[in-house]
Amino acid sequence: MAKPGKAADTAAKGGKLPPAKELLQYYRDMLLIRRFEEKAGQLYGMGLIGGFCHLYIGQEAVVVGLQACAKLGDAVITSYRDHGHMLATGMDSKGVMAELTGRIGGYSRGKGGSMHMFSREKHFYGGHGIVGAQVPLGTGLAFAQKYNKTDNVTFCYFGDGSANQGQVYESFNMAELWKLPVIYVIENNQYAMGTSVARASAQPALYKRGESFGIAGRQVDGMSVVAVREAGEEAVAHCRAGKGPVILEMMTYRYRGHSMSDPAKYRSKDEVTKMRAEHDPIDQVRALLLGNKMVDEDALKSIDKEVKDIVQQAADFAQESPEPDASELWTDVYVEA
């Protein structure tokens with residue numbers, strides 16, 4: 001079982017340490033997600049973002065580490081906790097933030113909001129509000145990749161709460177039966193919507209859920225981008241070789257509530273504080289960079305400033321972009337002839 005911080009500690013002690021350029025990119029990418037989500041939380045509190053808003057703060061290492069293993073044409077699909085995945089695939093922070101505020105400059109022209117954004121260019125297929133609904137869709141994306149004889153893979157993300165949904169197991173069966181190139185990424189933040197895994201799952205080791213189908217599974221320290229990248233490389237190689245699906249259970253942790261409306265009273269403040277102090281994914285990379293004298297404080301401050309400016313520009317754009325015209329109600333609507 002992977003323990004939080006183990007991979008980073010190993011690297012710091014002389015294990016497999018990525019080069020400075022790679023670590024710096026991870027640091028920047030995770031920091032961008034963190035600062036973006038913090039700003040989104042502020043705008044929500046100001047009433048500029050309505051509806052549901054699920055923040056990714058604390059889980060940044062998962063999508064950044066896996067996206068580092070992806071290549072052009074690989075697909076990503078996830079649940080409603082999706083802003084981090086969008087940014088990791090390279091979607092413009094201005095378009096994402098504008099969608100959150102319901103403006104015409106957003107990726108879905110202000111009509112999808114937090115949970116429903118897509119980018120065909122970046123092969124990002126949502127953002128899905130129904131628990132577990134993205135799993136059969138992600139399986140379908142992988143079917144298309146195999147049918148079209150590509151060597152691409154699909155990263156299909158879902159949470160520990162979705163892991164008990166029936167359609168997940170139907171998807172597992174088909175994926176293994178047809179040897180589809182899909183990586184099922186279970187982002188186990190331990191509390192689903194507000195109930196701990198131990199109380200909700202008869203088998204809390206979620207990476208074992210594919211055993212009856214013959215699907216290989218692995219539990220990974222999802223708070224370490226180094227460990228995530230390593231596990232991701234193995235999973236991607238397995239899929240590209242035509243060996244079928246893989247399950248990666250990422251042991252991660254969200255610092256905020258399930259959504260902005262959740263006070264998260266089902267866990268103690270001390271628990272959250274301890275996790276942030278000892279296992280924060282961004283602090284781990286920062287410690288590796290400084291501890292191994294790869295960069296100095298000034299270099300990290302420069303990245304911090306760059307990220308802060310990007311997020312502020314996104315927030316400004318999101319507030320200045322006009323609201324959709326009423327005529328948009330009739331666009332992008334499927335009507336059967």
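This passage describes salt bridges and one helix packing in a predicted model.

Side chains of opposite charge can pair when their charged atoms come close. In the model, 17 salt bridges are found, and three of these pairs are described here in turn.

The side chains of Glu22 and Arg229 form a salt bridge, with a nitrogen-to-oxygen distance of 3.5 Å. This pair connects distant parts of the chain, since Glu22 belongs to helix 2 (residues 20-45) and Arg229 to helix 9 (residues 225-240), with their positions 207 residues apart in the numbering. Glu22 has a relative accessibility of 26% and is therefore classed as partly exposed.

Helix 9 also contributes to a second pair, in which Asp74 is joined to Arg240 by a salt bridge whose closest N and O atoms are 2.7 Å apart. Asp74 is placed in the loop between helix 3 (60-67) and strand 1 (75-77), whereas Arg240 is part of helix 9, so the pair ties together parts of the chain that are 166 residues apart in sequence. The two partners are not equally accessible: Asp74 has a relative accessible area of 5%, and because this value is under 20% the residue counts as buried, while Arg240, at 26% relative accessibility, counts as partly exposed.

A third pair is made by Glu328 and Lys111, whose closest N and O atoms lie 3.4 Å from each other in a salt bridge. Here, too, distant parts of the chain are linked, as Glu328 is in the segment after helix 12 (297-320) and Lys111 is in the loop between helix 5 (93-100) and helix 6 (134-147), the two being 217 residues apart. Glu328 is buried, with a relative accessible area of 11%, whereas Lys111 is partly exposed, with a relative accessible area of 37%. This pair does not stand alone, for salt bridges with shared partners join Arg109, Lys111, Glu328 and Asp332 into one network.

Helix 9 takes part in a helix packing as well. The axes of helix 3 and helix 9 are 8 Å apart and meet at an angle of about 40°, and the two helices are therefore oblique to each other. Their crossing is right-handed. On the side of helix 3 the contact is made by Ala61, Val62, Val64, Gly65 and Leu66, and on the side of helix 9 by Val225, Val228, Arg229 and Gly232. By residue class, the contact of helix 3 with helix 9 comprises six nonpolar, two polar and one charged residue. Arg229, which is part of this contact, is also the salt-bridge partner of Glu22.

Methods:
Residues are numbered from 1 along each chain as its sequence is written. This is a predicted model: local features need pLDDT of at least 70, side-chain atom pairs count only at pLDDT 80 or more; totals for chains, interfaces and linings use all residues. Side-chain values use heavy atoms; hydrogens and water are left out. A salt bridge is a side-chain nitrogen of Lys or Arg within 4 Å of a carboxyl oxygen of Asp or Glu. Helices (H or I, at least four residues) and strands (E, at least two) are DSSP runs, numbered from the N terminus. Buried means under 20% relative accessible area, exposed over 50%, partly exposed in between (1.4 Å probe, protein chains only). Axes are lines fitted to C-alpha atoms, for helices over the stretch in contact, and angles run from 0 to 180 degrees between N-to-C directions. Angles under 35 degrees count as roughly parallel, over 145 as roughly antiparallel, 65 to 115 as roughly perpendicular and the rest as oblique. A crossing is left-handed if the near helix is turned anticlockwise from the far one by less than a right angle, and right-handed if clockwise. Contact means heavy atoms within 4.5 Å. Ala, Val, Leu, Ile, Met, Phe, Trp, Tyr, Cys and Pro count as nonpolar, Asp, Glu, Lys and Arg as charged, and the others, Gly among them, as polar.
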